[in-house]
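Here is a short report on the pockets, domains and cysteines of one protein chain. The sequence and the structure come first.

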Amino acid sequence: MNTDTLNINIVKTNNSKLSQVKWDELQFGRTFSDHMFVMDYKDGKWQNAEISEFADLKMSHATSILPYGQTFFEGMKAAKNETGEIVLFRPEEHAKRFNLSDERMCMPGVPVDMFIEALRALLDVDRGWVPQKSGYSLYIRPFMIAMDPYVGIRPSDTYKFIIFTCPVGAYYSEPVKVKIETHYSRAVEGGTGFAKAGGNYAGSLYPAMKGQEEGFRQLIWTDAKEHKYIEESGTMNVLFVIDGKIITPASSDTILAGITRRSVVDIARDWGYEVEERRISIAEVVEAMKEGRMTEAFGAGTAATIAQISAIHSDGVTYDLPPVEGREFSNKVLNYLDEYKTGKAEDKFGWLLKV
Ligand SMILES: *Cc1c(COP(=O)(O)O)cnc(C)c1O
């Protein structure tokens, strides 16, 4: 392993918790692997890269991350292929997006090579935590936080870049009923919607809770200006199949450029489907549902890969969509992506990195 550039200090624990994992009862995001990667930003540079036992973080109660939320994160996955090698799905894309987020949040960049090196080193130490079981994977959570113990508002001078990981089981998501939201907004033009900034998620909790009280698991966000155009579904990108064509809102500064959505679109085109990445209005979606021309609707994101939408509510009316079992494209692409991410399918697009 090359640790020349980061000079990672590796302190392995003698107290592995791997044998205590109850694989049949794994809940998403509640079981943590033995080790974590932590690096400090101080005096204008990254330093003290270390891999050590997953532990609590000690900091001043005045730390600027706490009230002001200068933070952002990534979410990605690794799995083991049939020969036991660890495969990471599109890590460079996550590293690039990490740097889009850090720039928008006024936080220091992490060169792609450095990001990948940290990931590789951590996965190498926690090799045993990367599941080989069908349907299981290792969820990876890289993030950065502002660390100055200072009450004033300005970009922090010090930061921590942290990566920890969680083994996760098959993220089976029930088909969800969603509501098209035309009052609250997730993101605004000129805002932080394209970044995985902490505040975006904090701000969506209240509208999401309101929607849940009305019986909808998730909201379909619309543009903040006119509330006429579809943006995302919950914390996932959204795709529709209308008249046999795949239609999905194009990425913008209010629509996060999801790597799952990108992959689904690339695969669809490769399979010969017609794909349109463009603005799509509520009116177009409702008309297609009324006329039975919308055959599939789903969210796309790393955690679930594909989250089927069973019904869409708009302006007082709930439209049921065709049963999930018969959905040709989304079922096929979910299966293919599962095989791809676990190294069972050929790496046709060059998306896998072996550790
Ligand atoms: C992370 C995220 C997505 C999905 O991105 P992936 O790269 O596919 O995981 C979509 N929308 C929002 C708001 C997100 O935070």
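By class, 18 nonpolar, 13 polar and nine charged residues make up the lining of the largest pocket. The model is a predicted one. The volume of this largest pocket is about 970 Å³. It is lined by 40 residues, and those closest to its centre are Tyr-201, Gly-234, Thr-235, Met-236 and Ala-303.

Which elements supply at least two residues each of this lining? They are strands S7 (137-146), S10 (218-222), S12 (236-242) and S15 (294-301), with helices H4 (198-213) and H5 (259-270). H4 holds the largest share, seven residues. Both domain 1 (9-169) and domain 2 (176-341) enter the lining of the largest pocket, with at least three residues from each.

The second largest pocket has a volume of about 530 Å³. Nearest its centre lie Tyr-171, Ala-304, Thr-305, Leu-334 and Asp-338, out of 30 lining residues. Strands S5 (76-80), S6 (86-89) and S16 (305-314) and helix H7 (328-341) each give two or more residues to this lining. H7 gives the most, with six residues.

Where does the second largest pocket lie relative to the two domains? Domain 1 (9-169) and domain 2 (176-341) both give residues to its lining, so the second largest pocket lies between them.

The class make-up of each lining is set out below.

| Pocket lining | Nonpolar | Polar | Charged |
|---|---|---|---|
| Largest pocket | 18 residues | 13 residues | nine residues |
| Second largest pocket | 15 residues | 10 residues | five residues |

Next, the domains themselves. The domain assignment gives domain 1 as 9-169 and domain 2 as 176-341. Their centres, taken over C-alpha atoms, are 28 Å apart. Across the boundary, 20 residues of domain 1 are in contact with 21 residues of domain 2.

Last, the cysteines. How many disulfides does the model have? The count is zero, where a disulfide needs a pair of cysteine sulfur atoms within 2.5 Å. Is Cys-166 buried or exposed? Cys-166 has a relative accessible area of 4%, so it is buried, the cut-off being under 20%. Cys-106 has a relative accessible area of 48% and is therefore partly exposed.

Note on methods
Residues are numbered from 1 along each chain as its sequence is written. This is a predicted model: local features need pLDDT of at least 70, side-chain atom pairs count only at pLDDT 80 or more; totals for chains, interfaces and linings use all residues. Side-chain values use heavy atoms; hydrogens and water are left out. On a 1 Å grid over the protein atoms alone, a cavity is a set of points where a 1.4 Å probe fits but cannot get out, and a pocket is an open set with protein on both sides within 12 Å along at least five of seven lines; lining residues have an atom within 4 Å of a point. Grid points are joined across faces, edges and corners, and a volume is the space filled by probe spheres set on the points. Helices (H or I, at least four residues) and strands (E, at least two) are DSSP runs, numbered from the N terminus. Ala, Val, Leu, Ile, Met, Phe, Trp, Tyr, Cys and Pro count as nonpolar, Asp, Glu, Lys and Arg as charged, and the others, Gly among them, as polar. Domain bounds come from an automatic or database domain assignment. Buried means under 20% relative accessible area, exposed over 50%, partly exposed in between (1.4 Å probe, protein chains only). Contact means heavy atoms within 4.5 Å.
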